Amino acid sequence: MSDVRGSETLRKYEEINDRIRRGEATVLTADEFIEAVDSSGLQKAAKEVDVVTTGTFGAMCSSGAFLNFGHSDPPIKMLHCWLNDVPAYRGLAAVDAYIGATAMSETKGFEYGGGHVIEDLVSGREIKVRADAYGTDCYPRRYIETTITLEDLNQAILLNPRNAYEHYNAATNGTSRTIFTYMGTLLPNHGNVTFSGSGQLSPLYKDSGFETIGIGTKIFLGGGVGYVIGEGTQHCPQKQFGTIMVRGDLKQMSAHYLRGATFHRYGTTLYVGLGIPVPIINEGVARTAALRDSDILTDILDYGVPSRNRPAVKRTSYEELKSGKVRIGDSEINSSSLSSFKIAEEVAEDLRDRILEKRFLLNRPAELLPNEREFKPLIEKASAKIAVRS
Amino acid sequence: MNLRLLYRPDHVKKPILAEIVLRKKVRLNILDAKVNGQKGELIVSAPLDGEQLEDLIKAFEAEGVTVETLPRIVDIDRGKCTSCGACISPCPVSALSFGPSDALLLDENRCVGCRVCVDACPFRAIKMA
(Lines give C-alpha, C1' and ligand atoms only; values in the text may rest on other atoms or scores of the structure.)
Protein backbone atom coordinates (compact mmCIF):
# COMPACT_ATOMS: atom_id res chain seq x y z
CA MET A 1 0.00 0.00 0.00
CA SER A 2 1.19 3.54 -0.69
CA ASP A 3 1.98 6.10 2.06
CA VAL A 4 -1.35 7.88 1.70
CA ARG A 5 -4.12 5.46 0.89
CA GLY A 6 -5.64 6.28 -2.46
CA SER A 7 -2.86 8.65 -3.54
CA GLU A 8 -2.94 9.23 -7.28
CA THR A 9 0.81 9.39 -7.88
CA LEU A 10 0.87 7.51 -11.17
CA ARG A 11 -2.31 8.88 -12.70
CA LYS A 12 -5.52 10.62 -11.70
CA TYR A 13 -9.07 9.42 -12.42
CA GLU A 14 -9.62 12.41 -14.73
CA GLU A 15 -6.54 11.47 -16.76
CA ILE A 16 -7.71 7.87 -17.05
CA ASN A 17 -11.15 8.96 -18.25
CA ASP A 18 -9.62 11.40 -20.75
CA ARG A 19 -7.54 8.55 -22.15
CA ILE A 20 -10.62 6.29 -22.30
CA ARG A 21 -12.56 9.00 -24.17
CA ARG A 22 -9.68 9.48 -26.63
CA GLY A 23 -9.46 5.72 -27.16
CA GLU A 24 -5.90 5.72 -25.81
CA ALA A 25 -6.36 3.93 -22.50
CA THR A 26 -4.55 0.68 -21.83
CA VAL A 27 -6.98 -1.67 -20.15
CA LEU A 28 -6.10 -5.27 -19.29
CA THR A 29 -7.86 -8.02 -17.38
CA ALA A 30 -6.11 -9.11 -14.19
CA ASP A 31 -4.87 -12.25 -15.98
CA GLU A 32 -3.43 -10.11 -18.80
CA PHE A 33 -1.87 -7.67 -16.33
CA ILE A 34 -0.01 -10.53 -14.63
CA GLU A 35 1.38 -11.52 -18.05
CA ALA A 36 2.41 -7.90 -18.67
CA VAL A 37 4.22 -7.81 -15.32
CA ASP A 38 5.92 -11.10 -16.19
CA SER A 39 7.20 -9.72 -19.48
CA SER A 40 8.12 -6.14 -18.58
CA GLY A 41 8.26 -5.93 -14.79
CA LEU A 42 5.95 -4.29 -12.27
CA GLN A 43 7.19 -0.70 -12.61
CA LYS A 44 6.94 -0.60 -16.39
CA ALA A 45 3.55 -2.35 -16.42
CA ALA A 46 2.25 0.07 -13.77
CA LYS A 47 3.35 3.01 -15.94
CA GLU A 48 1.77 1.59 -19.08
CA VAL A 49 -1.51 0.16 -17.84
CA ASP A 50 -4.34 2.48 -16.82
CA VAL A 51 -6.95 0.04 -15.63
CA VAL A 52 -7.04 -3.63 -14.60
CA THR A 53 -10.42 -5.34 -14.78
CA THR A 54 -11.49 -8.13 -12.47
CA GLY A 55 -14.36 -10.56 -12.24
CA THR A 56 -16.05 -13.18 -10.15
CA PHE A 57 -19.13 -15.35 -10.53
CA GLY A 58 -20.07 -17.18 -7.39
CA ALA A 59 -22.72 -17.91 -4.82
CA MET A 60 -23.49 -14.74 -2.87
CA CYS A 61 -26.16 -15.50 -0.31
CA SER A 62 -26.39 -11.93 0.99
CA SER A 63 -28.12 -10.75 -2.16
CA GLY A 64 -31.62 -9.66 -2.95
CA ALA A 65 -33.79 -7.10 -4.66
CA PHE A 66 -36.06 -4.27 -3.58
CA LEU A 67 -39.21 -4.25 -5.67
CA ASN A 68 -42.00 -1.70 -5.92
CA PHE A 69 -45.22 -3.16 -7.35
CA GLY A 70 -47.26 0.03 -7.69
CA HIS A 71 -50.72 0.32 -6.09
CA SER A 72 -53.75 -1.81 -6.89
CA ASP A 73 -57.28 -0.43 -6.76
CA PRO A 74 -58.53 -0.65 -4.06
CA PRO A 75 -55.05 -0.40 -2.58
CA ILE A 76 -53.44 -2.84 -0.19
CA LYS A 77 -50.79 -2.47 2.51
CA MET A 78 -49.19 -5.87 2.11
CA LEU A 79 -48.65 -7.72 5.38
CA HIS A 80 -47.17 -10.84 3.84
CA CYS A 81 -46.12 -11.19 0.24
CA TRP A 82 -45.03 -14.19 -1.81
CA LEU A 83 -43.38 -14.25 -5.23
CA ASN A 84 -43.85 -17.68 -6.84
CA ASP A 85 -44.56 -18.89 -3.29
CA VAL A 86 -41.26 -17.49 -1.97
CA PRO A 87 -41.85 -15.11 0.96
CA ALA A 88 -40.58 -11.56 0.46
CA TYR A 89 -39.72 -9.22 3.34
CA ARG A 90 -42.57 -6.85 4.02
CA GLY A 91 -41.51 -4.59 6.88
CA LEU A 92 -41.59 -1.62 4.51
CA ALA A 93 -44.12 0.75 2.93
CA ALA A 94 -47.37 -0.62 1.44
CA VAL A 95 -46.12 -2.10 -1.83
CA ASP A 96 -42.34 -2.26 -1.39
CA ALA A 97 -40.81 -5.67 -0.78
CA TYR A 98 -37.36 -7.22 -0.54
CA ILE A 99 -36.86 -10.63 -2.05
CA GLY A 100 -33.80 -12.26 -0.51
CA ALA A 101 -31.77 -14.90 -2.35
CA THR A 102 -31.96 -17.50 0.41
CA ALA A 103 -35.71 -17.27 1.06
CA MET A 104 -37.16 -20.60 0.00
CA SER A 105 -40.41 -21.53 -1.70
CA GLU A 106 -43.14 -22.68 0.65
CA THR A 107 -44.22 -25.24 -1.96
CA LYS A 108 -40.96 -26.30 -3.66
CA GLY A 109 -38.56 -25.93 -0.74
CA PHE A 110 -34.88 -26.24 -1.61
CA GLU A 111 -35.53 -26.39 -5.34
CA TYR A 112 -36.70 -22.80 -5.74
CA GLY A 113 -35.92 -19.66 -3.80
CA GLY A 114 -35.42 -15.93 -3.93
CA GLY A 115 -32.36 -16.32 -6.16
CA HIS A 116 -34.50 -18.15 -8.71
CA VAL A 117 -37.20 -15.44 -8.48
CA ILE A 118 -34.54 -12.83 -9.32
CA GLU A 119 -33.25 -14.93 -12.24
CA ASP A 120 -36.82 -15.41 -13.51
CA LEU A 121 -37.52 -11.67 -13.22
CA VAL A 122 -34.36 -10.79 -15.16
CA SER A 123 -35.28 -13.41 -17.78
CA GLY A 124 -38.58 -11.59 -18.36
CA ARG A 125 -40.68 -14.46 -17.00
CA GLU A 126 -44.02 -13.88 -15.28
CA ILE A 127 -43.96 -14.09 -11.51
CA LYS A 128 -47.03 -14.91 -9.43
CA VAL A 129 -47.55 -12.31 -6.69
CA ARG A 130 -49.72 -13.07 -3.69
CA ALA A 131 -50.21 -10.80 -0.69
CA ASP A 132 -52.48 -10.55 2.32
CA ALA A 133 -53.23 -7.67 4.67
CA TYR A 134 -55.29 -6.80 7.74
CA GLY A 135 -56.94 -3.86 5.98
CA THR A 136 -56.90 -0.26 7.09
CA ASP A 137 -59.05 2.78 6.36
CA CYS A 138 -56.48 3.98 3.84
CA TYR A 139 -55.56 0.51 2.51
CA PRO A 140 -58.83 -1.46 2.71
CA ARG A 141 -57.87 -4.46 0.60
CA ARG A 142 -57.05 -7.70 2.39
CA TYR A 143 -55.87 -10.01 -0.38
CA ILE A 144 -54.44 -9.79 -3.87
CA GLU A 145 -53.21 -12.36 -6.36
CA THR A 146 -51.81 -11.42 -9.76
CA THR A 147 -48.76 -11.77 -11.97
CA ILE A 148 -45.96 -9.33 -12.71
CA THR A 149 -42.95 -9.12 -14.96
CA LEU A 150 -39.80 -7.06 -14.47
CA GLU A 151 -41.19 -4.49 -16.87
CA ASP A 152 -44.33 -3.99 -14.75
CA LEU A 153 -42.35 -2.98 -11.67
CA ASN A 154 -41.67 0.67 -10.91
CA GLN A 155 -38.30 -0.18 -9.38
CA ALA A 156 -36.39 -3.42 -9.21
CA ILE A 157 -33.12 -2.73 -7.47
CA LEU A 158 -30.59 -5.42 -6.75
CA LEU A 159 -29.16 -4.49 -3.37
CA ASN A 160 -26.72 -6.97 -1.93
CA PRO A 161 -25.48 -6.42 1.63
CA ARG A 162 -22.44 -8.64 1.19
CA ASN A 163 -20.82 -9.57 -2.11
CA ALA A 164 -17.47 -10.43 -3.61
CA TYR A 165 -15.57 -11.78 -0.62
CA GLU A 166 -11.91 -10.90 -1.21
CA HIS A 167 -11.11 -14.60 -0.78
CA TYR A 168 -12.79 -17.43 1.10
CA ASN A 169 -11.90 -20.52 3.09
CA ALA A 170 -11.74 -23.82 1.25
CA ALA A 171 -13.65 -26.79 2.64
CA THR A 172 -13.15 -30.47 3.38
CA ASN A 173 -14.86 -33.02 5.60
CA GLY A 174 -13.07 -35.10 8.22
CA THR A 175 -16.12 -37.08 9.35
CA SER A 176 -17.08 -40.55 8.15
CA ARG A 177 -20.24 -39.43 6.32
CA THR A 178 -20.94 -37.22 3.31
CA ILE A 179 -22.05 -33.74 4.37
CA PHE A 180 -23.97 -31.15 2.38
CA THR A 181 -22.96 -27.56 3.02
CA TYR A 182 -22.92 -24.11 1.48
CA MET A 183 -19.48 -25.21 0.29
CA GLY A 184 -21.15 -27.99 -1.68
CA THR A 185 -21.00 -31.76 -1.30
CA LEU A 186 -18.10 -32.89 0.87
CA LEU A 187 -17.21 -36.56 0.77
CA PRO A 188 -16.20 -38.37 3.98
CA ASN A 189 -12.63 -38.79 5.25
CA HIS A 190 -11.29 -35.70 3.43
CA GLY A 191 -12.63 -37.18 0.18
CA ASN A 192 -12.55 -33.85 -1.64
CA VAL A 193 -11.89 -30.14 -1.27
CA THR A 194 -14.14 -27.36 -2.55
CA PHE A 195 -13.35 -23.67 -2.70
CA SER A 196 -14.85 -20.39 -3.80
CA GLY A 197 -13.64 -17.09 -5.22
CA SER A 198 -11.79 -16.32 -8.42
CA GLY A 199 -8.25 -16.02 -6.99
CA GLN A 200 -6.13 -13.78 -9.17
CA LEU A 201 -9.24 -12.36 -10.85
CA SER A 202 -10.89 -11.53 -7.51
CA PRO A 203 -12.18 -7.93 -7.57
CA LEU A 204 -11.29 -7.06 -3.98
CA TYR A 205 -7.97 -8.93 -3.85
CA LYS A 206 -6.76 -6.88 -6.79
CA ASP A 207 -7.09 -3.78 -4.63
CA SER A 208 -6.28 -5.47 -1.38
CA GLY A 209 -5.26 -2.17 0.24
CA PHE A 210 -8.72 -0.73 -0.57
CA GLU A 211 -7.05 2.26 -2.21
CA THR A 212 -9.53 2.66 -5.08
CA ILE A 213 -12.69 0.76 -4.13
CA GLY A 214 -15.05 2.82 -2.03
CA ILE A 215 -18.53 4.27 -1.77
CA GLY A 216 -19.64 5.25 -5.24
CA THR A 217 -17.24 3.05 -7.20
CA LYS A 218 -18.89 2.12 -10.46
CA ILE A 219 -18.83 -1.61 -11.14
CA PHE A 220 -20.08 -4.40 -13.42
CA LEU A 221 -23.01 -6.00 -11.62
CA GLY A 222 -25.09 -8.83 -13.04
CA GLY A 223 -24.35 -7.71 -16.59
CA GLY A 224 -25.43 -4.13 -15.89
CA VAL A 225 -23.93 -1.18 -14.09
CA GLY A 226 -23.79 -1.16 -10.32
CA TYR A 227 -22.21 0.84 -7.56
CA VAL A 228 -20.42 0.04 -4.35
CA ILE A 229 -22.51 1.64 -1.61
CA GLY A 230 -20.32 0.75 1.34
CA GLU A 231 -18.45 -1.97 3.13
CA GLY A 232 -20.26 -5.29 3.07
CA THR A 233 -21.39 -7.10 6.18
CA GLN A 234 -18.59 -9.05 7.89
CA HIS A 235 -16.03 -6.83 6.08
CA CYS A 236 -12.66 -7.78 7.55
CA PRO A 237 -10.04 -6.43 5.15
CA GLN A 238 -7.00 -6.83 7.41
CA LYS A 239 -7.43 -10.61 7.03
CA GLN A 240 -8.18 -10.38 3.29
CA PHE A 241 -11.85 -11.03 4.00
CA GLY A 242 -12.99 -7.66 2.65
CA THR A 243 -16.56 -7.47 1.31
CA ILE A 244 -18.70 -4.82 -0.39
CA MET A 245 -22.33 -3.78 -0.38
CA VAL A 246 -23.57 -3.10 -3.89
CA ARG A 247 -26.65 -1.91 -5.72
CA GLY A 248 -27.74 -1.81 -9.34
CA ASP A 249 -30.81 -1.58 -11.55
CA LEU A 250 -32.11 -5.11 -12.11
CA LYS A 251 -33.77 -3.90 -15.31
CA GLN A 252 -30.33 -3.50 -16.92
CA MET A 253 -29.08 -6.93 -15.91
CA SER A 254 -28.84 -10.31 -17.61
CA ALA A 255 -29.75 -13.80 -16.42
CA HIS A 256 -26.37 -14.97 -17.75
CA TYR A 257 -24.78 -13.18 -14.81
CA LEU A 258 -27.52 -13.69 -12.19
CA ARG A 259 -28.43 -17.30 -11.58
CA GLY A 260 -30.61 -18.86 -8.93
CA ALA A 261 -28.96 -21.90 -7.39
CA THR A 262 -29.52 -24.63 -4.83
CA PHE A 263 -26.98 -26.22 -2.54
CA HIS A 264 -28.28 -29.70 -1.77
CA ARG A 265 -29.77 -29.93 1.74
CA TYR A 266 -28.50 -26.42 2.48
CA GLY A 267 -30.75 -24.02 0.62
CA THR A 268 -31.05 -21.54 -2.19
CA THR A 269 -28.78 -18.69 -3.18
CA LEU A 270 -27.92 -16.38 -6.05
CA TYR A 271 -24.81 -16.60 -8.23
CA VAL A 272 -23.75 -13.04 -9.01
CA GLY A 273 -21.41 -11.88 -11.75
CA LEU A 274 -19.46 -8.91 -10.43
CA GLY A 275 -16.44 -7.06 -11.78
CA ILE A 276 -14.56 -3.99 -10.62
CA PRO A 277 -12.22 -1.84 -12.68
CA VAL A 278 -9.08 -1.15 -10.67
CA PRO A 279 -7.40 2.09 -11.77
CA ILE A 280 -3.61 1.84 -11.41
CA ILE A 281 -3.30 5.09 -9.51
CA ASN A 282 -0.07 4.19 -7.73
CA GLU A 283 2.49 1.40 -7.52
CA GLY A 284 0.90 -0.07 -4.41
CA VAL A 285 -2.30 -0.69 -6.35
CA ALA A 286 -0.26 -2.14 -9.22
CA ARG A 287 1.44 -4.50 -6.79
CA THR A 288 -1.86 -5.94 -5.49
CA ALA A 289 -3.35 -6.00 -9.01
CA ALA A 290 -0.40 -8.17 -10.03
CA LEU A 291 -0.93 -10.76 -7.27
CA ARG A 292 -1.30 -14.21 -8.70
CA ASP A 293 -2.99 -17.43 -7.62
CA SER A 294 0.23 -18.61 -5.98
CA ASP A 295 0.28 -15.45 -3.79
CA ILE A 296 -3.32 -15.76 -2.65
CA LEU A 297 -3.48 -18.09 0.32
CA THR A 298 -6.40 -19.59 2.15
CA ASP A 299 -7.15 -22.21 4.79
CA ILE A 300 -8.84 -25.51 4.09
CA LEU A 301 -11.29 -25.90 6.98
CA ASP A 302 -12.91 -29.08 8.24
CA TYR A 303 -16.62 -28.43 7.74
CA GLY A 304 -17.34 -31.70 9.50
CA VAL A 305 -16.70 -29.89 12.79
CA PRO A 306 -20.00 -28.21 13.73
CA SER A 307 -18.40 -25.17 15.28
CA ARG A 308 -17.85 -21.52 14.50
CA ASN A 309 -14.15 -22.24 14.87
CA ARG A 310 -13.61 -25.00 12.37
CA PRO A 311 -10.07 -26.32 12.47
CA ALA A 312 -7.77 -25.63 9.53
CA VAL A 313 -6.52 -28.80 7.90
CA LYS A 314 -4.02 -27.00 5.70
CA ARG A 315 -3.02 -23.57 4.44
CA THR A 316 -2.87 -23.58 0.66
CA SER A 317 -2.90 -21.29 -2.36
CA TYR A 318 -5.46 -20.72 -5.09
CA GLU A 319 -2.82 -22.09 -7.46
CA GLU A 320 -2.90 -25.47 -5.73
CA LEU A 321 -6.69 -25.41 -5.37
CA LYS A 322 -7.18 -24.58 -9.05
CA SER A 323 -4.80 -27.39 -10.09
CA GLY A 324 -7.51 -29.89 -9.16
CA LYS A 325 -5.34 -31.76 -6.65
CA VAL A 326 -4.48 -30.79 -3.09
CA ARG A 327 -2.01 -32.66 -0.96
CA ILE A 328 -3.23 -33.25 2.60
CA GLY A 329 -0.76 -35.36 4.58
CA ASP A 330 0.22 -38.26 2.35
CA SER A 331 -2.92 -38.10 0.23
CA GLU A 332 -3.64 -36.24 -2.97
CA ILE A 333 -7.23 -35.06 -2.86
CA ASN A 334 -9.45 -33.82 -5.69
CA SER A 335 -10.33 -30.14 -5.44
CA SER A 336 -12.84 -28.13 -7.43
CA SER A 337 -14.38 -24.71 -7.40
CA LEU A 338 -17.93 -23.69 -6.61
CA SER A 339 -17.63 -20.41 -8.50
CA SER A 340 -17.19 -20.35 -12.26
CA PHE A 341 -13.82 -19.13 -13.56
CA LYS A 342 -15.22 -19.27 -17.07
CA ILE A 343 -17.89 -16.67 -16.30
CA ALA A 344 -15.50 -14.71 -14.03
CA GLU A 345 -13.19 -14.34 -17.06
CA GLU A 346 -16.15 -13.30 -19.19
CA VAL A 347 -16.98 -10.59 -16.64
CA ALA A 348 -13.40 -9.25 -16.61
CA GLU A 349 -13.23 -9.32 -20.42
CA ASP A 350 -16.67 -7.76 -20.84
CA LEU A 351 -15.75 -4.95 -18.44
CA ARG A 352 -12.41 -4.40 -20.22
CA ASP A 353 -14.20 -4.16 -23.57
CA ARG A 354 -16.82 -1.73 -22.23
CA ILE A 355 -14.03 0.57 -21.05
CA LEU A 356 -12.09 0.26 -24.32
CA GLU A 357 -15.28 1.01 -26.25
CA LYS A 358 -15.80 4.17 -24.11
CA ARG A 359 -19.04 2.79 -22.64
CA PHE A 360 -17.75 2.68 -19.07
CA LEU A 361 -15.84 5.44 -17.28
CA LEU A 362 -14.23 5.23 -13.86
CA ASN A 363 -14.89 7.41 -10.86
CA ARG A 364 -13.09 8.43 -7.69
CA PRO A 365 -14.96 7.00 -4.69
CA ALA A 366 -16.76 9.49 -2.44
CA GLU A 367 -15.22 7.71 0.52
CA LEU A 368 -12.78 4.82 0.80
CA LEU A 369 -13.88 1.72 2.68
CA PRO A 370 -12.36 0.97 6.08
CA ASN A 371 -9.17 -1.05 5.74
CA GLU A 372 -9.56 -2.50 9.20
CA ARG A 373 -12.72 -3.82 10.78
CA GLU A 374 -13.26 -6.27 13.62
CA PHE A 375 -15.39 -9.31 12.77
CA LYS A 376 -17.04 -10.13 16.08
CA PRO A 377 -18.80 -13.36 17.02
CA LEU A 378 -22.25 -13.50 18.58
CA ILE A 379 -21.74 -13.92 22.31
CA GLU A 380 -24.58 -15.55 24.20
CA LYS A 381 -24.78 -13.52 27.40
CA ALA A 382 -25.62 -15.26 30.67
CA SER A 383 -28.01 -12.48 31.71
CA ALA A 384 -30.05 -12.93 28.50
CA LYS A 385 -30.43 -16.67 29.20
CA ILE A 386 -31.79 -15.91 32.66
CA ALA A 387 -34.23 -13.39 31.20
CA VAL A 388 -35.51 -15.94 28.68
CA ARG A 389 -36.01 -18.57 31.41
CA SER A 390 -38.04 -16.21 33.61
CA MET B 1 -22.14 -50.25 -22.21
CA ASN B 2 -24.88 -49.43 -19.74
CA LEU B 3 -28.19 -51.24 -19.96
CA ARG B 4 -31.60 -50.53 -18.49
CA LEU B 5 -33.39 -53.77 -17.57
CA LEU B 6 -37.15 -53.56 -17.13
CA TYR B 7 -38.76 -56.45 -15.22
CA ARG B 8 -42.44 -57.35 -15.44
CA PRO B 9 -44.36 -58.20 -12.22
CA ASP B 10 -44.03 -61.96 -12.81
CA HIS B 11 -40.25 -61.64 -13.14
CA VAL B 12 -39.55 -59.72 -9.97
CA LYS B 13 -39.27 -62.81 -7.79
CA LYS B 14 -36.98 -64.71 -10.18
CA PRO B 15 -33.17 -64.41 -9.76
CA ILE B 16 -32.75 -63.67 -13.48
CA LEU B 17 -29.76 -61.37 -13.09
CA ALA B 18 -27.88 -63.81 -10.86
CA GLU B 19 -28.56 -66.72 -13.22
CA ILE B 20 -27.31 -64.78 -16.25
CA VAL B 21 -24.21 -63.57 -14.42
CA LEU B 22 -23.37 -67.16 -13.46
CA ARG B 23 -24.19 -68.61 -16.85
CA LYS B 24 -22.42 -65.96 -18.95
CA LYS B 25 -19.65 -65.33 -16.41
CA VAL B 26 -20.05 -61.59 -16.98
CA ARG B 27 -19.12 -59.00 -14.33
CA LEU B 28 -22.20 -56.78 -14.31
CA ASN B 29 -22.08 -53.72 -12.08
CA ILE B 30 -25.46 -52.57 -10.75
CA LEU B 31 -25.59 -48.75 -10.94
CA ASP B 32 -29.19 -48.25 -9.91
CA ALA B 33 -32.00 -50.54 -8.83
CA LYS B 34 -35.66 -49.91 -8.18
CA VAL B 35 -37.51 -53.13 -7.41
CA ASN B 36 -40.85 -53.68 -5.75
CA GLY B 37 -43.60 -56.30 -5.94
CA GLN B 38 -44.98 -54.85 -9.16
CA LYS B 39 -41.97 -54.08 -11.30
CA GLY B 40 -38.25 -53.74 -11.40
CA GLU B 41 -35.84 -51.41 -13.13
CA LEU B 42 -32.10 -51.96 -13.02
CA ILE B 43 -29.33 -49.96 -14.60
CA VAL B 44 -26.27 -52.14 -15.07
CA SER B 45 -22.87 -51.55 -16.55
CA ALA B 46 -21.69 -54.42 -18.76
CA PRO B 47 -18.00 -54.45 -19.72
CA LEU B 48 -18.82 -55.90 -23.15
CA ASP B 49 -19.32 -54.83 -26.72
CA GLY B 50 -20.04 -56.34 -30.15
CA GLU B 51 -21.29 -59.93 -30.25
CA GLN B 52 -20.76 -60.52 -26.54
CA LEU B 53 -23.02 -57.58 -25.72
CA GLU B 54 -25.64 -58.79 -28.21
CA ASP B 55 -25.48 -62.23 -26.64
CA LEU B 56 -26.03 -60.78 -23.15
CA ILE B 57 -29.00 -58.71 -24.31
CA LYS B 58 -30.55 -61.79 -25.97
CA ALA B 59 -30.12 -63.76 -22.74
CA PHE B 60 -32.13 -61.17 -20.80
CA GLU B 61 -34.75 -60.90 -23.54
CA ALA B 62 -35.14 -64.68 -23.58
CA GLU B 63 -36.17 -64.38 -19.90
CA GLY B 64 -38.77 -61.75 -20.82
CA VAL B 65 -36.77 -58.76 -19.59
CA THR B 66 -36.96 -55.64 -21.73
CA VAL B 67 -33.46 -54.27 -22.40
CA GLU B 68 -32.60 -50.74 -23.44
CA THR B 69 -29.06 -49.67 -24.20
CA LEU B 70 -28.03 -46.42 -22.54
CA PRO B 71 -25.27 -44.63 -24.38
CA ARG B 72 -25.24 -42.06 -21.56
CA ILE B 73 -25.79 -42.41 -17.82
CA VAL B 74 -26.29 -38.74 -17.08
CA ASP B 75 -27.30 -35.82 -19.26
CA ILE B 76 -25.63 -32.44 -18.88
CA ASP B 77 -27.77 -29.45 -19.81
CA ARG B 78 -25.18 -27.15 -21.39
CA GLY B 79 -27.54 -24.17 -21.17
CA LYS B 80 -27.77 -24.51 -17.40
CA CYS B 81 -24.15 -25.49 -16.70
CA THR B 82 -21.98 -22.53 -15.69
CA SER B 83 -18.73 -24.55 -15.61
CA CYS B 84 -18.39 -23.89 -11.90
CA GLY B 85 -16.94 -27.24 -10.90
CA ALA B 86 -19.21 -27.95 -7.91
CA CYS B 87 -19.80 -31.46 -9.31
CA ILE B 88 -16.18 -32.32 -10.13
CA SER B 89 -14.42 -33.01 -6.83
CA PRO B 90 -17.45 -34.68 -5.17
CA CYS B 91 -17.50 -37.31 -7.95
CA PRO B 92 -16.20 -40.39 -6.10
CA VAL B 93 -14.81 -41.98 -9.28
CA SER B 94 -13.32 -38.83 -10.88
CA ALA B 95 -15.55 -39.15 -13.92
CA LEU B 96 -16.06 -35.40 -14.36
CA SER B 97 -13.51 -32.86 -15.54
CA PHE B 98 -13.18 -29.68 -17.56
CA GLY B 99 -12.38 -29.99 -21.24
CA PRO B 100 -11.43 -27.27 -23.72
CA SER B 101 -13.09 -23.91 -22.97
CA ASP B 102 -14.03 -25.18 -19.51
CA ALA B 103 -16.79 -27.38 -20.92
CA LEU B 104 -17.77 -30.07 -18.41
CA LEU B 105 -16.76 -33.54 -19.61
CA LEU B 106 -18.14 -36.86 -18.35
CA ASP B 107 -16.09 -40.04 -18.74
CA GLU B 108 -18.84 -42.61 -19.34
CA ASN B 109 -16.44 -45.46 -18.70
CA ARG B 110 -15.77 -44.25 -15.18
CA CYS B 111 -19.29 -43.11 -14.26
CA VAL B 112 -21.13 -45.50 -11.95
CA GLY B 113 -24.39 -43.52 -11.92
CA CYS B 114 -24.22 -42.75 -8.19
CA ARG B 115 -26.10 -39.42 -8.58
CA VAL B 116 -23.67 -37.45 -6.39
CA CYS B 117 -23.15 -34.95 -9.23
CA VAL B 118 -26.91 -34.63 -9.79
CA ASP B 119 -27.35 -33.36 -6.23
CA ALA B 120 -24.08 -31.40 -6.18
CA CYS B 121 -24.97 -29.25 -9.20
CA PRO B 122 -26.25 -25.87 -7.91
CA PHE B 123 -28.04 -25.26 -11.22
CA ARG B 124 -29.71 -28.66 -11.61
CA ALA B 125 -27.90 -29.01 -14.92
CA ILE B 126 -27.16 -32.74 -14.47
CA LYS B 127 -29.87 -35.36 -14.68
CA MET B 128 -29.86 -39.15 -14.84
CA ALA B 129 -30.39 -40.13 -18.49
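Which strand of chain B pairs with β1(B) over six bridges, and is the sense parallel or antiparallel? Keep that question in mind while orienting the view, and remember throughout that this is a predicted model.

**Stop 1: chain A as a whole**

Select chain A and show it as a cartoon, in which eight helices and 28 strands can be picked out. Turned along its principal axes, the C-alpha trace of chain A spans about 70 × 60 × 40 Å. The radius of gyration of chain A is 23 Å, which agrees with the value near 21 Å that a compact globule of 390 residues would have. If you colour the residues of chain A by burial, 48% of the 390 count as buried. Among the contacts in chain A with a separation of 6 or more, 71% are made by residues 24 or more positions apart.

**Stop 2: the two domains of chain A**

Now colour by domain, taking residues 13-59 together with 159-363 as domain 1 and residues 70-108 together with 126-153 as domain 2, as the domain assignment of chain A gives them. The C-alpha centres of these two domains of chain A lie 35 Å apart. Where the domains meet, six residues of domain 1 of chain A are in contact with four residues of domain 2 of chain A. On the domain 1 side of this contact in chain A there are two nonpolar, three polar and one charged residues.

**Stop 3: the nonpolar core**

Select Phe33(A), Ile99(A) and Ile280(A), which touch the most other members of the largest nonpolar core, a set of 135 residues. Helix α7 of chain A, residues 341-356, gives the most to this core, with seven residues. Centre the view on Phe33(A) and leave aside residues up to four places away in sequence: Phe33(A) then touches Leu28(A), Ala45(A), Val49(A), Val52(A), Ala289(A) and Ala290(A).

**Stop 4: helix α4 of chain A**

Move next to helix α4 of chain A, residues 114-122, which is mostly covered, with eight of its nine residues buried. The buried residues of α4(A) are Gly114(A), Gly115(A), His116(A), Val117(A), Ile118(A), Glu119(A), Leu121(A) and Val122(A). Follow the backbone just past α4(A) and you come to Gly124(A), which takes a positive phi of about 85°.

**Stop 5: a hairpin and its neighbouring strand in chain A**

Select strand β18 of chain A, residues 218-221, and strand β19 of chain A, residues 224-231, which pair in the antiparallel sense over four bridges. To find the register, start from Lys218(A), whose bridge partner in β19(A) is Tyr227(A). Two residues lie between the strands of this hairpin of β18(A) and β19(A), and there Gly222(A) takes a positive phi near 60°. Then add strand β22 of chain A, residues 267-275, with which β18(A) pairs in the antiparallel sense over two bridges. In this second pairing, the bridge partner of Leu221(A) in β22(A) is Leu274(A).

**Stop 6: where the chains meet**

Bring chain B into view together with chain A, and select the contact between them, to which chain B contributes 17 residues and chain A contributes 24 residues. On the side of chain B that touches chain A, the residues divide into nine nonpolar, five polar and three charged.

**Stop 7: chain B and its strand β1**

Hide chain A and colour chain B by its two domains, residues 2-70 for domain 1 and residues 74-128 for domain 2. The C-alpha centres of domain 1 and domain 2 of chain B lie 26 Å apart.

Select β1(B) to return to the opening question: the partner is strand β3 of chain B, residues 40-45, and the two strands pair in the antiparallel sense over six bridges. β1(B) also pairs in the antiparallel sense with strand β4 of chain B, residues 66-70, over five bridges. Leu3(B) shows both pairings, with Val44(B) as its bridge partner in β3(B) and Thr69(B) as its bridge partner in β4(B).

End at Tyr7(B), which lies in strand β1 of chain B, residues 2-7. Is Tyr7(B) buried or exposed? Tyr7(B) is buried, because 23 other C-beta atoms lie within 10 Å, and the cut-off for burial is 20 or more. With residues up to four places away in sequence not counted, Tyr7(B) touches Val12(B), Lys39(B), Gly40(B) and Val65(B). As a last distance to display, Tyr7(B) and Val67(B) are 9.2 Å apart in space, C-alpha to C-alpha, and 60 residues apart in sequence.

Technical notes:
Residues numbered from 1 in each chain as written. Chains lettered and ligands numbered in written order. Predicted model: local features only at pLDDT ≥ 70, side-chain atom pairs only at ≥ 80, totals over all residues. Core = buried A, V, L, I, M, F, W, Y, C linked by C-beta atoms within 7 Å. Buried ≥ 20, exposed ≤ 12 C-beta atoms within 10 Å, placed from the backbone. Contact = placed C-beta atoms within 7 Å. Domains from an automatic or database assignment. Nonpolar A, V, L, I, M, F, W, Y, C, P; charged D, E, K, R; others polar. Rg over C-alpha atoms; globule rule 2.2 N^0.38 Å. Pairing = 2+ DSSP bridges.
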